[in-house]
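Got the model open in your viewer? Let's walk through it one selection at a time.

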Amino acid sequence: MGMFQWSERPAQALANGGVIGPEERLPWGQTGLMGIQHVIAMFGSTVLAPILMGFDPNLAVFMSGIGTLIFFLITGGRVPSYLGSSFAFIGVVIAATAYAGKGANANIGVALGGIIACGAVYAAVGVIVHLVGTGWIERFMPPVVTGAVVAVIGLNLAAIPIKNMAANNFEAWMQALTFVCVALVAVFTRGMVQRLLILVGLLAASVLYAVFTNGMGLGKPVDLSGVAAAPWFGVPQFHAPVFSAPAMLLIVPVVIILVAENLGHIKAVTAMTGRNLDQYMGRAFIGDGIATMVSGAAGGTGVTTYAENIGVMAATRIYSTAVFLVAAGIAVLLGFSPKFGALIQAIPLPVMGGVSIVVFGLIAIAGAKIWVDNRVDFSQNKNLIVAAITLILGTGEFTLKFGDFALGGIGTATFGAIVLYALLNRDAGGRAA
């Protein structure tokens, strides 16, 4: 294995309250089980994001595995991370492709071109960070800015499940039942079940939906004929990118969000493991950027390091990168099963809508958590104004036109936050504060 040689630690190390570091691993059997857990953790969001954009969820899972392997290689097996579908792309992809919210996205090519362009810029940022460090990023994007931008991603998407994923009153009630199921799992269960709150809540709501529709005839029944007809094995359906300047200009700004996310995730893992991973920050950006380009080139979503998997690491105290090698392998195998893809497509739309409400809400709250964790001082007017304006620009879909090019919602909020902060971050003497 060359540089990817882990030192094996017995399971007693965990029992004694120890941490399994990135360069260590448990015996392969337990490493395999942990890999499965990480696949389940990333699964809900990695499947949900492509569905909301009209991409193929099966291919997205496949490319998330490929992307994680690319990231592993570029970081030298030193940074524990799973790369799943990024939600930051949803708003701009829907805007670039005019996707209506149901079925396959007929205009997927232009979105893929934009995703590849974004990945290229992201990798270039990684090269700069590798050479000069991250200080310049933290100066442009302090916590008040990154918190607002992350919150806006969730708030900007709010209308999708509420307006597009429930066609009638029954389906709206099913959305409500779904998010209540997820909430009950989140609060009243423990251990592994609680970690899988989205998946368990989705399964419970799907069963209840089937009881009400297939059993009691109240709404559109669950149709599993596609699952029965789909083969167990098959090659994923790839798509070719189309490079369109307006779509690329719309999608490339997502790089700001990806950088902020990855920066935060690596700092979180550094804090949890006691290992200094900052030295790998540039490599992590390059790995994530190249993985996004490869995914887009094949028809997959843009990818990002996943907070869901960082949550699993925090709960288990196992940070071994060997676990992510296993998880990536499992995801690649799942990508070769059309039956698995058909099962995802059979999930009722209102149930997906209810789950989306939770996921988008959690993204918005993750932004607020950045403010809390970094003790952003809202008694300072500059912080108050930057956050206030950013949230409304993004949520209200504020759009600015430059000739034929329109910068909407997430784009105006992201650039607005950075520019406003730079403008307002001055003291009375005119120096930067």
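**First stop: helix H4.** Select residues 90-97, where Ile90, Gly91, Val92, Val93, Ile94, Ala96 and Thr97 of H4 are buried. Buried means under 20% relative accessible area, exposed means over 50%, and partly exposed is in between (1.4 Å probe, protein chains only). That makes 7 of the 8 residues of H4 buried, so the helix is largely enclosed by the rest of the structure. Helix and strand labels here are DSSP runs numbered from the N terminus, with at least four residues (H or I) for a helix and at least two (E) for a strand. Now step just past H4 to Ala98, which takes a positive phi of about 55°.

A word on what you are looking at: this is a predicted model, in which local features need pLDDT of at least 70 and side-chain atom pairs count only at pLDDT 80 or more, while totals for chains, interfaces and linings use all residues. Residues are numbered from 1 along each chain as its sequence is written, and side-chain values use heavy atoms, with hydrogens and water left out.

**Zoom out.** Show the whole chain as a cartoon: the secondary structure comes to 21 helices and 6 strands. The C-alpha trace spans about 70 × 55 × 45 Å along its principal axes. For 433 residues, a compact globule would have a radius of gyration near 22 Å, and the 21 Å of this chain agrees with that. The radius is taken over C-alpha atoms, and the globule rule is 2.2 Å times the number of residues to the power 0.38. Of the 433 residues, 54% count as buried. Contact, from here on, means heavy atoms within 4.5 Å. Among contacts with a separation of 6 or more, 78% are between residues 24 or more positions apart.

**Next: Thr305.** Select Thr305 in strand E4 (residues 303-305). Is Thr305 buried or exposed? Thr305 is buried, at a relative accessible area of 1%. Leave aside its neighbours within four places in sequence, and show what Thr305 is in contact with: Phe71, Ser81, Tyr82, Leu83, Asn262, His265 and Asp288.

**Then a pair of helices: H9 and H11.** Two packed helices are described by the angle between their axes and the distance between the axes. Color H9 (residues 169-188) and H11 (residues 197-215). Their axes come within 8 Å and cross at roughly 140°, and the crossing is right-handed. Axes are lines fitted to C-alpha atoms, for helices over the stretch in contact, and angles run from 0 to 180 degrees between N-to-C directions. A crossing is right-handed if the near helix is turned clockwise from the far one by less than a right angle, and left-handed if anticlockwise. Show side chains at the contact, including Met174, Leu177 and Cys181 of H9 and Leu202, Ala205 and Phe212 of H11. By class, the contact of H9 with H11 has 16 nonpolar, 3 polar and 1 charged residues. Here Ala, Val, Leu, Ile, Met, Phe, Trp, Tyr, Cys and Pro count as nonpolar, Asp, Glu, Lys and Arg as charged, and the others, Gly among them, as polar.

While H9 is lit up, pick Trp173, which counts as exposed at 60% relative accessibility. Draw a C-alpha distance to Ser337: the two are 164 residues apart in sequence and 33 Å apart in space.

**Keep H11 and add H19.** Which way does H19 (residues 349-373) run against H11? They pack at an angle of about 150°, with their axes 9 Å apart. That makes H11 roughly antiparallel to H19, a label for angles over 145 degrees (under 35 is roughly parallel, 65 to 115 roughly perpendicular and the rest oblique). This contact has 10 nonpolar, 1 polar and no charged residues. From H11, select Ile198, Leu202, Ala205, Ser206 and Tyr209, which meet Pro350, Val351, Met352, Val355, Val358 and Val359 in H19.

**On to two loops.** Most residues other than glycine have a negative phi. Arg375, in the loop between H19 and helix H20 (381-395), has a positive phi of about 50° and counts as exposed at 72% relative accessibility. Move on to Glu397, in the loop between H20 and strand E5 (400-402). Glu397 has a positive phi of about 60° and is partly exposed at 39%.

**Last stop: Gly394.** Look inside H20 for Gly394, which is buried with a relative accessible area of 0%. Beyond its neighbours within four places in sequence, Gly394 is in contact with Val152, Asn156, Gly409 and Ala413.
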